Amino acid sequence: MRKGWEYKKLGEVCYPKSKIQRATKCFGASDEIVYIDISSIDNSVQEVNSITSFTMSNAPSRAQQKVEYGDIIVSTVRPNLKNVALIKQHDSNLVASSGFCVLRPTDDIERNYLFRYITSDIFTQHIMKLTTGANYPAVRDLDVRDSTIPLPPQSTQLAIVSELDKINELIRLKKEQLKDFDNLAQSLFYEMFGDPVENEKGWEVKKLGEIAKSAIGLTYKPENVTKELSGTIVLRSSNIQNSILDFNNIVRVNVPVKEDKMVNDGDILMCSRNGSFRLVGKVALIKNLKKRMSYGAFMTIIRSQYNPYLFEYFKTPAFRQYLITGKTTTVNQITVKMLNNLTLPLPPLSHQHLFSQRIEQIEREKSEVQKSIQDLETLLASRMQYWFE
């Protein structure tokens, strides 16, 4: 224990659960609320970025907790996914799902210090040990509140937050660079091929099923997940970040995997089903594969000689609109049948090859930025471990 530090339970530095008002007591049936559920969280940046408005009478049954600016919401379901966010909205009608533990810090702790601790691997690993349920792993609100936090003097808390925020800001700027490269690639796509909806260049139109093969991934049970390095890596939605494969959160399974459930260099990996519709359709191009990997049941691979072109097409608003048009009311997904029926312009291969050559330079520069992000994230994890362990 460092001098001047102490350990306290989160429940000791946050207001009790009884202080979090029930939404039904704050809003009438016709009042409009802004609803935050698990899918509203972008867990790559721990922010709320997708909210839905309802009248209270039409809101989901889980819309139960009135939250406010400065609250920290922690998903009690699958805590390994780090669906955690600091509420930055000032709206007076924010309502969070009952699937969150709502932490409202007292004056005994700096809000951002608490938030940084909650997003640390140390807290996540602790809370994971408390989960129950194989198919739907979850913790109780009480488990979160009973967790301890190392608490230095507030001046030290501020200094720690300042250090971590500087690293996070560098990461944010690097991720903005990635977006700039993606925008450049999209601009090049439109310059060379035109608008895929208007098809003003008059390219031949094909169904995706005529030019590519699509297949869904491996189904496995929670008990098949293993920590043994001999297990087969299964790629999931969380492994696609900024259209690049990210291996920070991998799962391995100890079951036999057939060859048709393995990915190959050149494949496009697509998230085909997710609790958050904004994540459906996100893609990564499999490149420089160093070991054999499979992909999960909520993922799809697209295999075609046209993949460099298709990869950029899948990032266009035209494809997004196709997803919205085909979206079901009960499940956020795109099926293989929907993919096969997708129609799109198909420029000549010679034109596509020229496009690929120009994209390669962009991809090389993206890879350098991605490496910088990974180095910064490693540094951030190291500093968080130093301060919070």
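Leaving aside its neighbours within four places in sequence, which residues is Asn-93 in contact with? Select Asn-93 and have a look: the list is Phe-27, Glu-32, Ile-33 and Val-34. You'll find Asn-93 in the loop between β8 (84–86) and β9 (94–97). Its relative accessibility is 15%, so Asn-93 counts as buried, the cut-off being under 20%. Now show the backbone of Glu-32 as well: its oxygen lies 3.0 Å from a polar atom of the Asn-93 side chain.

Before going further, a word on what you have open. This is a predicted model. Colour the chain by pLDDT: the mean is 92, and 98% of the residues reach 70 or more. Among the elements of the chain, strand β10 (residues 100–103) has the highest mean, 98, while strand β16 (residues 240–241) has the lowest, 86.

**Into the core**

Next, select Leu-103, Tyr-113, Ile-118, Leu-208, Leu-310, Phe-314 and Phe-319. The largest nonpolar core has 70 residues, and these are the ones that touch the most other members. Helix α6 supplies the largest share of this core, with 12 residues.

Stay with Tyr-113 and bring up helix α3 (residues 111–118). Six of the eight residues in α3 are buried, leaving the helix mostly covered. The buried ones are Tyr-113, Leu-114, Phe-115, Arg-116, Tyr-117 and Ile-118. Residues up to four places away in sequence aside, Tyr-113 touches Trp-5, Ile-149, Pro-150, Leu-151, Pro-152, Gln-157, Ile-160, Val-161 and Phe-388. Keep Trp-5 and Phe-388 on screen; both come up again below.

**Rings against rings**

How many aromatic pairs does a search of the whole structure find? There are 15. Start with Phe-189 and Phe-355, an edge-to-face pair at 6.1 Å centre to centre, with 80 degrees between the planes. This pair links distant parts of the chain: Phe-189 belongs to helix α6 (residues 154–193) and Phe-355 to helix α11 (residues 349–388), 166 residues apart. Is this pair of rings buried or exposed? Both Phe-189 and Phe-355 are buried. Now widen the selection with Tyr-190, Phe-193 and Tyr-309, which join Phe-189 and Phe-355 in one aromatic cluster.

For another pair, jump to Tyr-386 and Trp-387. Their ring centres are 4.9 Å apart and their planes meet at 75 degrees; over 60 degrees counts as edge-to-face, so that is what this pair is. Turn on the surface and the two partners part ways: Tyr-386 has a relative accessible area of 43% and is partly exposed, whereas Trp-387, at 15%, is buried.

**One arginine, two rings**

Leave Tyr-386 showing and add Arg-2. The charged end of Arg-2 sits over the Tyr-386 ring, 4.7 Å from its centre. Then bring back Trp-5 from the Tyr-113 list: Arg-2 also lies over the face of Trp-5, at 4.9 Å from the ring centre.

**Last stop: Ile-122**

Finally, select Ile-122 in helix α4 (residues 121–128). Which residues does Ile-122 contact, leaving aside neighbours within four places in sequence? They are Met-384, Gln-385, Phe-388 and Glu-389. Phe-388 is therefore a place to pause, as it turned up among the contacts of Tyr-113 and is here in contact with Ile-122, the cut-off being heavy atoms within 4.5 Å. Draw a distance between the C-alpha atoms of Ile-122 and Glu-389: they are 6.8 Å apart, though 267 residues separate them along the chain. As for its surroundings, Ile-122 is partly exposed, with a relative accessible area of 21%.

Key
Residues numbered from 1 in each chain as written. Heavy atoms only, no water. Phe/Tyr/Trp six-rings, centres within 6.5 Å; stacked < 30°, edge-to-face > 60°. Helix = DSSP H or I, 4+ residues; strand = E, 2+ residues; numbered from the N terminus. Buried < 20%, exposed > 50% of the residue type's maximum accessible area, 1.4 Å probe, protein only. Lys NZ or Arg CZ within 6 Å of the ring centre and 35° of its normal. pLDDT = per-residue confidence, 0-100. Core = buried A, V, L, I, M, F, W, Y, C linked by side-chain atoms within 4.5 Å. Polar contact = N/O pair within 3.5 Å; in protein donor to acceptor, adjacent residues only side chain to side chain.
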